[in-house]
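The following paragraphs lead the reader through selected features of one protein model. They should be read alongside the sequence and the coordinates.

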Amino acid sequence: MNSHEIDYEIFGEEMQYVEVELDPREAVIAEAGNFMMMDDGIKMDTIFGDGSKQNEGFLGKVLGAGKRLLTGESLFMTIFSNENMAKKKISFASPYPGKVIPIDLTEYGGKFICQKDAFLCAAKGVSIGVEFSKRIGRGLFGGEGFIMQKLEGDGLAFVHSGGTTAKKVLKPGEKLKVDTGCIIGFTKDVDYNIEFIGGIKNSIFGGEGLFYATLTGPGTVFIQSLPFSRLAGRILAAAPQGGGKDKGEGSILGGLGNLMDGDNRF
């Protein structure tokens, strides 16, 4: 096994975090900003790329890390290594309300494709790269462009979702239509494309966008009920505009109720 074999436990319901147990000399990699807490004795280092290819030269590491810029991620990742002689634990938290999903790459043919901001952490040895779309329509209208992340190897990886997670196992030829932002990820044999919703009324007044994703089996698909982009959109829509007051939702007293809510800035 090329990847480190780690143990884990997931805690929480709406705001989950994953606790990873590291044996001596084991390590885990993560995106910056996902770290929550760790035992004393774990060493943190910033590295180029994901550290999955130890024998690459400096130029190879730079080129590998540079591909991550295409997905909007940093050139660097963080590796946490247990340099103690006893088992140690480290935790990583989901950045917004939702679920943490363990992905055992050995169960999915060594590859899993996910949205570019879904990756949370993984055992050292797992490769985090980019997946280019070969279809123009998917690239132009898919919401994630031509590029998604791919997780490759034989170890454990963890991705996170918004809201509640649905897992669908598709039979050969079976098709699932999904809002483009609601896709967390899917296995390598799933065919992913974009279709026009159709109809003038649907396009102008439907409020669901002009395109949806079609996922065709065989394979496994993970769907999220609340993409972060949708959550952020609702927050922005409800926020005071131009220095004005908020809408006062949630209180039958309206503005009078705001006097008692503890946030009375003028």
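Apart from residues up to four places away in sequence, asparagine 34 has contacts with Ser91, Phe92, Ala93, Phe119 and Leu120. The model in which these contacts are found is a predicted one. Asparagine 34 belongs to the loop that joins β3 (27-30) to β4 (35-38). Its relative accessible area is 8%, and asparagine 34 therefore counts as buried, the limit being under 20%.

Phe92, one of the contacts of asparagine 34, also takes part in an aromatic cluster, together with Phe35 and Phe80. Phenylalanine 92 further serves as a reference point for glutamine 16: the two residues are separated by 76 positions in sequence, while their C-alpha atoms are 9.0 Å apart in space.

Glutamine 16 itself is located in the loop between β1 (7-11) and β2 (17-22). Because its relative accessibility is 10%, glutamine 16 is classed as buried. A polar atom of the glutamine 16 side chain lies 3.2 Å from the backbone oxygen of glycine 12. When residues up to four places away in sequence are not counted, glutamine 16 touches Ile10, Phe11, Ala93, Ser94, Gly98, Lys99 and Val100. Ala93 thus appears in the contact lists of both glutamine 16 and asparagine 34.

A third loop residue is serine 161, placed between β13 (156-160) and β14 (165-170). Among the contacts of serine 161, neighbours within four places in sequence being left aside, are Ser94, Gly98 and Lys99, residues that glutamine 16 also touches. The contacts of serine 161 further include Tyr96, Pro97, Ile101, Ile184 and Gln224. With a relative accessibility of 0%, serine 161 is buried. Its side chain makes a polar contact of 2.8 Å with the side chain of threonine 165.

The aromatic residues may be considered next. A pair of aromatic rings is described by the distance of the centres and the angle of the planes. Across the whole structure, seven aromatic pairs are found. One of them joins tyrosine 108 to phenylalanine 112 in a tilted arrangement, with 6.2 Å between the centres and 40 degrees between the planes. Tyrosine 108 is buried, since its relative accessibility is 14%, and phenylalanine 112 is likewise buried, at 0%. Phenylalanine 186 and tyrosine 192 form another tilted pair, with a centre-to-centre distance of 5.6 Å and an angle of 50 degrees between the planes. Both members of this pair, phenylalanine 186 and tyrosine 192, are buried.

An open sheet of three strands is arranged in the order β15-β18-β17, and its pairing is antiparallel. β15 (175-178) and β17 (191-196) are the edge strands; each has a single partner, so one side of each lacks a neighbour in the sheet. From one strand to the next, the twist averages 30 degrees. The antiparallel pairing of β17 with β18 (residues 211-216) extends over six bridges. Within this part of the sheet, aspartate 191 is positioned opposite threonine 216 of β18.

Which state, buried or exposed, do cysteine 114 and cysteine 121 adopt? Cysteine 114 is buried, because its relative accessibility is 0%, and cysteine 121 is buried at 0% as well. A search of the whole structure for disulfides finds zero.

Definitions and conventions
Residues numbered from 1 in each chain as written. Predicted model: local features only at pLDDT ≥ 70, side-chain atom pairs only at ≥ 80, totals over all residues. Heavy atoms only, no water. Phe/Tyr/Trp six-rings, centres within 6.5 Å; stacked < 30°, edge-to-face > 60°. Buried < 20%, exposed > 50% of the residue type's maximum accessible area, 1.4 Å probe, protein only. Helix = DSSP H or I, 4+ residues; strand = E, 2+ residues; numbered from the N terminus. Contact = heavy atoms within 4.5 Å. Polar contact = N/O pair within 3.5 Å; in protein donor to acceptor, adjacent residues only side chain to side chain. Disulfide = S-S within 2.5 Å. Pairing = 2+ DSSP bridges. Axes fitted to C-alpha atoms, helices over the stretch in contact; angles between N-to-C directions.
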